[in-house]
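Please open the structure in your viewer and keep the selection panel at hand. The tour below proposes one selection after another and states what is found at each stop.

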Amino acid sequence: MEYQTLSHSFPPVWDSESEWLILGSFPSVKSREQGFFYGHPGNRFWKVISTVVECKEPVTVEEKKKMLHEHHIALWDVIKSCRIRGSSDSSIRDVVANDISPILEQSRIRAVFANGRTAERLYDRYIYPRTGIPITALPSTSPANAAWSLDRLIEAYSRIVEEYAGGTCHFPAKHL
């Protein structure tokens with residue numbers, strides 16, 4: 001498969017009430033085709049998040065957006081554009097990062113999470129120097145992360161939500 005130079009083709013999901021920002025790396029081929037996050041049928045993101053927030057798993061894009069808004073979760077990706085082969089995170093080159101400052105400045109983000117180590121690494125390289133806000137890596141929900149069962153993913157995501165639910169992790173505006 002050859003490299004393609006691609007730009008992110010759909011907007012982030014967030015509003016002024018968002019408290020948690022979850023960042024992926026770059027949309028998969030299936031997500032790009034659907035025009036929304038975590039579109040590959042084997043990706044466990046929607047099942048994990050809906051279980052953690054104790055609601056029915058959303059199916060449509062509108063149901064997914066509604067669930068995110070109701071539970072104050074913002075969703076975006078680190079990469080605005082890059083060269084990539086298919087959906088392979090390991091093939092990502094020539095990264096241009098998204099500007100997450102509007103989300104940070106116009107919402108109530110208390111914590112930033114990476115869906116996987118690639119998102120964490122890219123955030124640390126391209127976004128952290130601008131924001132000074134640390135990111136917490138969560139295990140990837142990608143089907144490529146077969147080492148993590150659905151139950152283990154749910155447990156890991158649940159622990160993070162419990163840890164930050166106390167409201168002690170707010171980022172002062174001076175870091176933006």
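Begin with the whole chain in cartoon view and follow it from the N terminus: the elements run β-β-α-α-α-β-β-β-α-β-α-α-β-α. In total, the chain holds seven helices and seven strands. Please bear in mind throughout that this is a predicted model.

**The whole chain**

Keep the complete chain selected and rotate it. Along its principal axes, the C-alpha trace spans about 45 × 35 × 30 Å. The radius of gyration is 15 Å, which agrees with the value near 16 Å for a compact globule of 176 residues.

Now switch to a surface view. The chain exposes about 9,100 Å², and carbon and sulfur atoms supply 50% of that area. Buried residues account for 48% of the 176 residues. Of the contacts between residues at least 6 apart in sequence, 68% join residues at least 24 apart.

**The nonpolar core**

Which residues have the most contacts inside the largest nonpolar core? Select Leu 21, Leu 23, Phe 37, Trp 46, Leu 75, Val 112 and Tyr 123 and show their side chains; these are the residues in question, and the core as a whole has 49 residues. Helix α2 gives the most to this core, with five residues. In soluble globular proteins, nonpolar side chains tend to be buried together.

Next, centre the view on Leu 21. Apart from its neighbours within four places in sequence, Leu 21 is in contact with ten residues that may be picked out in turn: Ala 74, Leu 75, Trp 76, Ile 100, Ile 103, Leu 104, Ile 109, Ala 111, Val 112 and Phe 113.

**Helix α2 and Lys 47**

Select residues 45-52, which form helix α2, and locate Lys 47 within them. Is Lys 47 buried, partly exposed or exposed? Its relative accessibility is 36%, so Lys 47 counts as partly exposed. Beyond residues up to four places away in sequence, Lys 47 touches Glu 57 and Leu 150. For a sense of distance, select Glu 162 as well: this residue is 115 residues from Lys 47 along the chain, and the two C-alpha atoms are separated by 18 Å.

**Asn 115 in strand β6**

Move to strand β6 and select Asn 115. With a relative accessibility of 8%, Asn 115 counts as buried, because the cut-off for a buried residue is under 20%. Show its side chain, which reaches the backbone nitrogen of Thr 141 at 3.0 Å. Setting aside neighbours within four places in sequence, the residues in contact with Asn 115 include Ile 22, Leu 23, Gly 24, Tyr 38, Phe 45 and Tyr 157. Leu 138, Pro 139, Ser 140 and Thr 141 are also among them.

**Helix α5**

Select residues 117-126, which form helix α5; its buried residues are Thr 118, Ala 119, Glu 120, Leu 122 and Tyr 123. What covers these buried residues? The cover includes strands β2 (20-24), β4 (79-84), β5 (93-97), β6 (111-115) and β7 (136-138), together with helix α6 (128-131).

Within α5, display the side chains of Glu 120 and Arg 117, which meet in a salt bridge (2.8 Å, N to O). The two residues are three residues apart in the helix, about one turn. Glu 120 counts as buried at 17% relative accessibility, whereas Arg 117 counts as exposed at 60%.

**Further salt bridges**

Side chains of opposite charge can pair when their charged atoms come close. The whole structure contains 10 salt bridges.

Select Glu 33 and Lys 30, whose side chains form one of them (3.7 Å, N to O). Both residues lie in helix α1 (residues 29-34), and because they are three residues apart, about one helical turn separates them. Glu 33 is exposed, with a relative accessible area of 57%, while Lys 30 is partly exposed at 36%.

Then select Arg 83 and Asp 94, joined by a salt bridge of 3.4 Å, N to O. Arg 83 lies in strand β4 and Asp 94 in strand β5, so this pair ties together parts that are 11 residues apart in sequence. Arg 83 is partly exposed at 31%, and Asp 94 counts as exposed at 52%.

For the final stop, select Glu 17, Glu 19, Arg 108 and Arg 110, which are linked in a network of salt bridges.

Note on methods. Residues numbered from 1 in each chain as written. Predicted model: local features only at pLDDT ≥ 70, side-chain atom pairs only at ≥ 80, totals over all residues. Heavy atoms only, no water. Buried < 20%, exposed > 50% of the residue type's maximum accessible area, 1.4 Å probe, protein only. Helix = DSSP H or I, 4+ residues; strand = E, 2+ residues; numbered from the N terminus. Contact = heavy atoms within 4.5 Å. Core = buried A, V, L, I, M, F, W, Y, C linked by side-chain atoms within 4.5 Å. Polar contact = N/O pair within 3.5 Å; in protein donor to acceptor, adjacent residues only side chain to side chain. Rg over C-alpha atoms; globule rule 2.2 N^0.38 Å. Areas by Shrake-Rupley, 256 points an atom, 1.4 Å probe, with all protein chains shown as cover. Salt bridge = Lys/Arg side-chain N within 4 Å of Asp/Glu carboxyl O.
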